[in-house]
Amino acid sequence: MNKVVPDVNGDAPSQIAAIRQGFERSGYICNNQIATSIFLAERLQKPLLVEGPPGVGKTELAKATAELLGKPLIRLQCYEGLDEAKALYEWKYGKQLLYTQVLKEKLGDLMSGAQGLKESISRLHEFDDTFFNEEFLEPRPLLKALWQPGGAVLLIDELDKSDDEFEAFLLEILSDYQISIPELGTIKARTTPIVFLTSNNSREIGDALKRRCLHLYIPFPDTELEQRIIRARVPEVEERLRNQLVAFVQGLRALDLKKLPAVSETIDWARTLVLLHARELDAELVRDTLNVLLKFQDDIENVDSEINALTTKALAAS
Amino acid sequence: MTEVLGDFIRALRAADVRVSTSESIDAGRVVDLVGLGEREILRHALSQVLAKTEDEKQAFRDTFDRYFAFDQFKAKSETSTQQQGDAEREPNAGETQNGSGGMPGPGGGGTEGQPSGGAPAPQDLVAMLEGGDQAALQMALAEAARQAQLNRIRLFTQRGMYTRRMMEIMGLDALNDEIERRESGDPKGAERLSDARDALREQVRDYVEKQLEIFTANAGRQLREEVLSQVRLSNVDRSDMKIMRALVAKMAKRLVALHSRRKKVEKRGQLDMRRTIRANVEFDGLFFHTIWKQQKIDRPKVMAICDVSGSVAQVARFLLMFLYSLQEVLPRVRSFAFSGQLGETTELFERERDIEKALARALMEHGGGSTDYGQAFLDFERLALDDVDHRTTVLILGDARSNYGNPRGDILKKIHARARRVIWLNPEPRSLWNSGDSEMKRLAPYCDTAKTCASLKDLERVISELLRHAT
């Protein structure tokens, strides 16, 4: 297994720090906890199950890791009804049919000179394997990730949306990095891929799967981390406004809302404010742009009465 | 280290974190990988292999902080990791490496790979006390804890025994002899030593108490929960309400996890022509692959009719608590409360987030007055009978004691005819049914099931059943 950052051979803490810095260079700001999980996932060769509220950068983490390691990112979006044919492989039936046609035409040539039925059949048997070989296999994301010669980052997104059966089917891949295709046998990974699974907790993931994974929970970031994220993602925002808007969002998360604003919403809001040439938060501005942060009409109405207080607090905090 | 890790995992299990064997092995690999140098990193790393839900992460953090607290003999321990070697003058060569029974802070990475720490010889204890070698004392203490098998402590009454045993292992007898010997020649020295002995005993007791807390913190609560889930709800003490509420939430969460998937049934025999043709295009239109029509199973519509008069109110409280904790899998619950007259409380519960407050309101509005099942059914007929359809499950909770009034079985018959199922939950034991003014005999024929439901366990079973047969 190659090192995360080739020029660092130090002990674990320095490597973890190196991962964090590597992420920062590519614009993904994270804390030590997340960096530690990447380090472990890579070293223990275990899949990483990432949970947390929507919009805290679960998918982004996989993308950043792929970039950091210089490996291709292969993504599998889960949904209800996802099955093997779409996740793993499919036979190219069309091509197989065509092949049969060709074979039929050439059958005469092939059989010429064959003595009796027995020999004809044994000649035919020589072509048996050609129908089910890798030539006719259409790899889907999971197989593609196993076949990638230099290794890959495999992202299985929103696992909680898939069916129970699919979860069970993943177990073989996740623990041994191999899959079984009835016609071909077991296919092993050429290079062990780094696997990310994400879940929004719309249902509980099974214990068997959890046991095979490392588990990372990404909560909403604290003030300091969120400020750094905004600085990296929306560098155009001036420091004062940045502090204010982060303080406001943090205040908003303390309220009882249907859907709390996540980091992605904060970034969108920061971009909105930049577009509006805002220099400072005020209640009016917040009210006009609140729909960027909150996605439910109920929430917007509930927050309305709190806006003044929250804005004042945010201004005081900066 | 493996021993420490093993103990730590035991402590985690005591704190309700589920750790499997394979996860313990992973934890060992993680420790090898990240080392013991940095506490924060070790904590993050271990939490990723050992704690796999949000609740477990929280429990993990608490246990980690408590378990790897390193405040005993704080005075000099920071400067003296090197001296620890000196304290181990008499290594028992056969011992496993690093004989620290309980609390080596991860910061003490220096202990790894040192010669094994056997019990210090008795004279060492005197030397250590006189020399004030705190780090050595810490080591000796940990070693004594290991030998005394302190990690097996389960009851608080065992504290004294463990303290004494540990003192003995550390060399109490020799220390006492030494004190006695000095008393004749060097009374001051003897006094100093006996003070030191007393202080040491305090420290040992402290240590034992901390360990007791780590390993048994939750045992009491677990036992309590176990008992409470089976006790008759009407006998639950007010002071246990908080635990009960938490328990309901926990059970509800488990039920949600079990039943949150929407089920489908295949209607075998009915071909889904459209999807079959599409799926078989690649076979040249030959039907290799047949797809049958499926039907999504609807979530059950539940109407709960609760008697909230004195005798049943307590059970009603928990039933409603349950039903409203299941919003995710039972989105359409309508609830009705009655004692004399019946009123709908659906809106009340939906508006009021605090279920206790809503309950109090419901009890105030509909509680009191003498129970009259006939009137209640009449009111229900007027209010909601039209909405009862073949998908509705009607839950009735009550003791069927109608104060000798007509219970109006005819209305229940109507409800039964329309509803998918009628379930009667009676908090009284079956032997009391039909005694006195109980009308179970006249009402039960119109119910699909009638059962006793007196404890949380019963409630959980009923609701689990309700969800399983949801159609």
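1. A good place to start is the pairing of two strands in chain A: E2(A) and strand E5 (residues 153–157) run in the parallel sense and are joined over five bridges. Within this pair, A:Ile74 stands opposite A:Leu154 of E5(A). Please keep in mind as you read that this is a predicted model.

2. Those two strands belong to an open sheet of five strands in chain A, with the order E2-E5-E8-E1-E9 and parallel pairing. If you trace the sheet on your screen, its edges are strand E2 (73–77) and strand E9 (214–217) of chain A, each of which pairs on one side only. On average, and with direction ignored, neighbouring strands of this sheet are turned by 20° against each other.

3. Next, the place where the chains touch. How many residues does each chain bring to the contact? Chain A brings 23 residues and chain B brings 26 residues. On the side of chain A that touches chain B, at least two residues each come from helix H1 (12–25), helix H2 (32–44), helix H5 (93–111), helix H10 (207–212) and E9 of chain A. H2(A) gives the most to that side, with seven residues. By class, the residues on the chain A side divide into ten nonpolar, six polar and seven charged.

4. Over in chain B, have a look at two helices. The axes of helix H1 (residues 2–14) and helix H2 (residues 21–34) of chain B come within 11 Å and cross at roughly 135°. H1(B) and H2(B) are therefore oblique to each other, and their crossing is right-handed. On the H1(B) side the contact is made by B:Thr2, B:Leu5 and B:Ile9, while H2(B) supplies B:Ser24, B:Ala27, B:Gly28 and B:Val31. Sorted by class, this contact has four nonpolar, three polar and no charged residues.

5. My last point concerns a single residue, B:Tyr324, which lies in helix H15 (residues 310–325) of chain B. Is B:Tyr324 buried or exposed? B:Tyr324 counts as buried because it has 22 C-beta neighbours inside 10 Å, and the cut-off for a buried residue is 20 or more. Leaving aside neighbours within four places in sequence, B:Tyr324 is in contact with B:Val333, B:Phe349 and B:Ile355. You may also like to find B:Glu350: this residue is 26 residues from B:Tyr324 along the chain, and the C-alpha atoms of the two are separated by 8.5 Å.

Technical notes
Residues numbered from 1 in each chain as written. Chains lettered and ligands numbered in written order. Predicted model: local features only at pLDDT ≥ 70, side-chain atom pairs only at ≥ 80, totals over all residues. Axes fitted to C-alpha atoms, helices over the stretch in contact; angles between N-to-C directions. Helix = DSSP H or I, 4+ residues; strand = E, 2+ residues; numbered from the N terminus. Parallel < 35°, antiparallel > 145°, perpendicular 65-115°, else oblique. Left-handed = near helix turned anticlockwise from the far one by under 90°. Contact = placed C-beta atoms within 7 Å. Nonpolar A, V, L, I, M, F, W, Y, C, P; charged D, E, K, R; others polar. Pairing = 2+ DSSP bridges. Buried ≥ 20, exposed ≤ 12 C-beta atoms within 10 Å, placed from the backbone.
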